[in-house]
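Student: Could you zoom in on one helix pair for me and walk me through how the two pack? After that, tie it to the rest of the chain.

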Amino acid sequence: EASRNLAAVMADPPEGLNLARPQYSLAEAKYNLGLKKEALADYENSLKADATGELSGAAWFGVAWAKKDLGDSKGALEAAAKVINDYPESAVRPDSFALTASIRRSEGDAAGALADLDRLLSEYPGHALSAKAELERASALDETGSHAEAAEAFQKFLRDHPDHADVPQA
């Protein structure tokens with residue numbers, strides 16, 4: 001139903017309508033319903049329709065998550081890199097660093113994850129993701145063999161965030 005309505009609007013759009021917005025909203029709805037392949041197609045269509053670039057950072061981030069969930073880590077990293085490199089003012093840029101770090105760690109690239117986490121922490125100090133990024137950084141340090149530095153990072157996390165939900169992991 002929603003897809004038919006969107007097709008009708010896109011066939012004869014009202015003047016001034018950013019055609020990417022309904023396509024992006026549809027992608028988000030499909031993603032949240034677990035329809036990852038369909039969401040990916042709609043995120044990609046919203047990128048094609050976004051002449052203003054207004055939603056492109058968020059749409060690339062949606063592409064990254066959808067590709068990650070579909071098992072395409074390389075494609076997910078490329079899409080998240082688009083957000084990081086091409087949309088410096090995007091609200092999801094910090095999340096893109098966290099996503100790339102997570103993907104890299106899951107693929108055994110702790111050094112790459114460290115670089116992403118260090119950028120997140122230095123470019124967005126005090127961000128809502130900072131505490132989690134500090135914990136992920138400590139784990140990545142441990143994975144690279146920097147055990148003493150990792151222990152210090154875990155201790156700092158526990159001192160700075162004693163009530164954080166992830167304290168048991170530290």
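Tutor: Helices α4 and α5 make a left-handed crossing, meaning that the near helix is turned anticlockwise from the far one by less than a right angle (clockwise would be right-handed). You're looking at a predicted model, where local features need pLDDT of at least 70 and side-chain atom pairs count only at pLDDT 80 or more, while totals for chains, interfaces and linings use all residues. Numbering starts from 1 along each chain as its sequence is written, and side-chain values use heavy atoms, with hydrogens and water left out.

Helix α4 covers residues 56–69 and α5 covers residues 73–86, and their axes come within 8 Å and cross at roughly 165°. (Axes are lines fitted to C-alpha atoms, for helices over the stretch in contact, and angles between N-to-C directions run from 0 to 180 degrees.) That angle makes α4 roughly antiparallel to α5, the label for anything over 145 degrees; under 35 is roughly parallel, 65 to 115 roughly perpendicular, and the rest oblique.

Who does the touching? On the α4 side the contact uses G57, W60, F61, V63, A64, K67 and K68, and α5 answers with G75, A76, A79, A80, K82 and V83. Contact here is heavy atoms within 4.5 Å. Sorted by class, the contact of α4 with α5 has eight nonpolar residues, two polar and three charged. In that sorting Ala, Val, Leu, Ile, Met, Phe, Trp, Tyr, Cys and Pro are nonpolar, Asp, Glu, Lys and Arg are charged, and the others, Gly among them, are polar.

V63 of α4 is a handy way out of this pair, as Y43 touches V63 along with A59 and G62. Y43 is found in helix α3, residues 36–49, and with a relative accessible area of 2% it is buried. (Buried is under 20%, exposed over 50%, partly exposed in between, with a 1.4 Å probe and protein chains only.) Leaving aside neighbours within four places in sequence, the other contacts of Y43 are Y24, A27, E28 and Y31. The C-alpha atoms of Y43 and Q23 are 7.1 Å apart, with those positions 20 residues apart along the chain.

Follow Y43 to Y31 and you land in helix α2, residues 20–32. Y31 counts as buried at 16% relative accessibility. Beyond its neighbours within four places in sequence, Y31 is in contact with K36, A39 and Y43, as well as W65, A66 and D69. From Y31 to A138 there are 107 residues along the chain, and their C-alpha atoms are separated by 31 Å.

Further along the chain comes the pair α6 (residues 93–106) and α7 (residues 110–123), whose axes are 8 Å apart and pack at about 160°. That makes α6 roughly antiparallel to α7, and the crossing is left-handed. From α6, R93, P94, F97, A98, T100, A101, R104 and R105 take part, facing G112, A113, D116, L117, R119, L120 and E123 of α7. The tally for α6 with α7 is seven nonpolar, two polar and six charged residues.

Next is α8 (residues 130–143) with α9: their axes come within 7 Å and cross at roughly 160°. So α8 runs roughly antiparallel to α9, and α8 passes α9 in a left-handed crossing. The α8 residues involved are A131, E134, L135, R137, A138, S139, L141 and D142; α9 brings H147, E149, A150, A153, F154, K156, F157 and D160. That contact divides into eight nonpolar, two polar and six charged residues.

H147 sits in α9, residues 147–160, and is partly exposed, with a relative accessible area of 49%. The C-alpha atoms of H147 and A41 are 43 Å apart, the two being 106 residues apart along the chain.

Now zoom out. The chain has nine helices and zero strands, counting DSSP runs from the N terminus (H or I, at least four residues, for helices; E, at least two, for strands). Its C-alpha atoms fill a box of roughly 60 × 30 × 30 Å along the principal axes. Of the 170 residues, 40% count as buried. Among contacts between residues at least 6 apart in sequence, 45% join residues at least 24 apart.
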